[in-house]
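Reader: Please show me the sequence and the fold. I would like to ask about the strands, the helices and the core.

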Amino acid sequence: MMAIANAAAADDVQPLRAGMIGLDTSHAPAFAELLNGPEAKDELSGVKVVAAYPGGSPDLPASATRVEGYTKKLAEMGIEIVPSVEALLPKVDVVLLESVDGRPHLQQVLPVLRAGKPVFIDKPVAGTLADAIVIYDEARRLRVPCFSSSSLRFSHGILGMRNDSRVGKVVGCEARGPCELEPHHPDLFWYGIHGVESLFTIMGPGCRTVSRVHTDGTELAVGVWEDGRIGTFRGLRAGAHGYGATVYGDKGIVQSGGYDGYKPLVVEIVRFFKSKQPPVSADETLEIYAFMEAADESKRQGGAPVSLDEVMSKAKAAAEKTEATIGR
């Protein structure tokens, strides 16, 4: 009888109501299908997308040309489409900020944080390092759980490299991935983030300087970690594309796995919404974005090494100015 009662009680538990902001990326329908579809069981259960705000950026073709089609897809799934972020918030318990354009993320996430709704912010966190700092500062100040990540981080063959017995202690890494550029964002924020986050997933935080070589077809960003290890990101535009890494360890040199799709990330998002415990720290995420900003600064300086502390200091000064204007 007790087992029957427990099963009935489990059936009575209502899923967390999730809202989406930004329907201009393939992530929006893909995540909604994983959370709302017939396979939403076990580790994918307990969170259901119930409402969405389309958003969209008219000056960004990657957004403007897709928002109508993806909005239609979500509406066909029975998800309510609402006219604003403010209209979304009373209808949901948790939020997925999916806007493909990082520039509006700060303004879109502020009302979410002020409403106390746990939020996953899809890549890029923001359009600038300074805005990313403001977002995490506000989340910390308001004590609202928040995290961001590329889906590559949770791919089994990437996540497992730090503790792979074939590798042993990681002493270096060469990560690679596609690296399309978008003029409204720092170069690596747009698509290079996947390969850079793979690099940090394997190496861990602690990078101190970055130098960069840029050509029309390739990016090479070289990071030196505080313990003397070297990690590189090779951004691919010419030739064959693909995700992965060569991992150097004290026991062996091993090729990582590649991309495992969206499901591993969505599983982590579900766990996060239930536990309120971010699987990636704010400090590590901000270091990843500082790495990419330092790579841009190195490009401006002709490939000279640039300190992450230097770019973080400048970005924090800009963040303080923004924080003085947003009202608290």
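Author: What follows is a set of short questions and answers on this structure. This is a predicted model: local features need pLDDT of at least 70, side-chain atom pairs count only at pLDDT 80 or more, and totals for chains, interfaces and linings use all residues. Residues are numbered from 1 along each chain as its sequence is written, and side-chain values use heavy atoms, with hydrogens and water left out.

Reader: What is the order of strands in the open sheet of seven strands?

Author: Strands (E, at least two residues) and helices (H or I, at least four) are DSSP runs, numbered from the N terminus. Two strands pair if DSSP finds at least two bridges between them. Pairing in this sheet is mixed. Its order is β12-β11-β7-β10-β9-β8-β13.

Reader: Why is one side of β12 and of β13 left without a neighbour in the sheet?

Author: Look at β12 (253-255) and β13 (306-307). Both stand at the edges, so one side of each lacks a neighbour, and each has a single partner strand.

Reader: Which residue in β11 is the bridge partner of Cys-173?

Author: Strand β7 (residues 170-178) and strand β11 (residues 244-249) pair over six bridges. The sense is antiparallel. The partner of Cys-173 in β11 is Val-247.

Reader: Which residue in β10 is the bridge partner of Gly-177?

Author: β7 and β10 run parallel, joined by seven bridges. In β10, Gly-177 has as its bridge partner Gly-235.

Reader: How many of the seven residues of strand β10 are buried?

Author: Buried means under 20% relative accessible area, exposed over 50%, and partly exposed in between (1.4 Å probe, protein chains only). Strand β10 (residues 230-236) is largely enclosed by the rest of the structure, because its buried residues number five of the seven.

Reader: Which residue in the hairpin of β9 and β10 takes a positive phi?

Author: Seven bridges join β9 to β10, and the two run antiparallel. Ala-221 stands opposite Phe-233 in β10. The hairpin has four residues between the strands. The positive phi, near 90°, belongs to Gly-228.

Reader: What is the order of strands in the open sheet of six strands?

Author: Pairing here is parallel. β3 (80-81) and β6 (146-148) stand at the edges, each with a single partner strand. The order is β3-β2-β1-β4-β5-β6.

Reader: Which residue in β3 is the bridge partner of Ala-52?

Author: Strand β2 (residues 47-53) and β3 pair in the parallel sense. Two bridges join them. The partner of Ala-52 is Ile-81.

Reader: Which helix gives the largest share of the largest nonpolar core?

Author: A nonpolar core is a set of buried Ala, Val, Leu, Ile, Met, Phe, Trp, Tyr and Cys residues joined through side-chain atoms within 4.5 Å. The largest has 68 residues, and Val-119, Phe-291 and Met-292 touch the most other members. Nine residues of this core come from one helix, α12 (residues 282-300).

Reader: Are α12 and α13 roughly parallel or roughly perpendicular to each other?

Author: Axes are lines fitted to C-alpha atoms, for helices over the stretch in contact, and angles run from 0 to 180 degrees between N-to-C directions. The axes of α12 and helix α13 (residues 308-325) come within 9 Å and cross at roughly 100°. Angles under 35 degrees count as roughly parallel, over 145 as roughly antiparallel, 65 to 115 as roughly perpendicular and the rest as oblique. The two helices are therefore roughly perpendicular.
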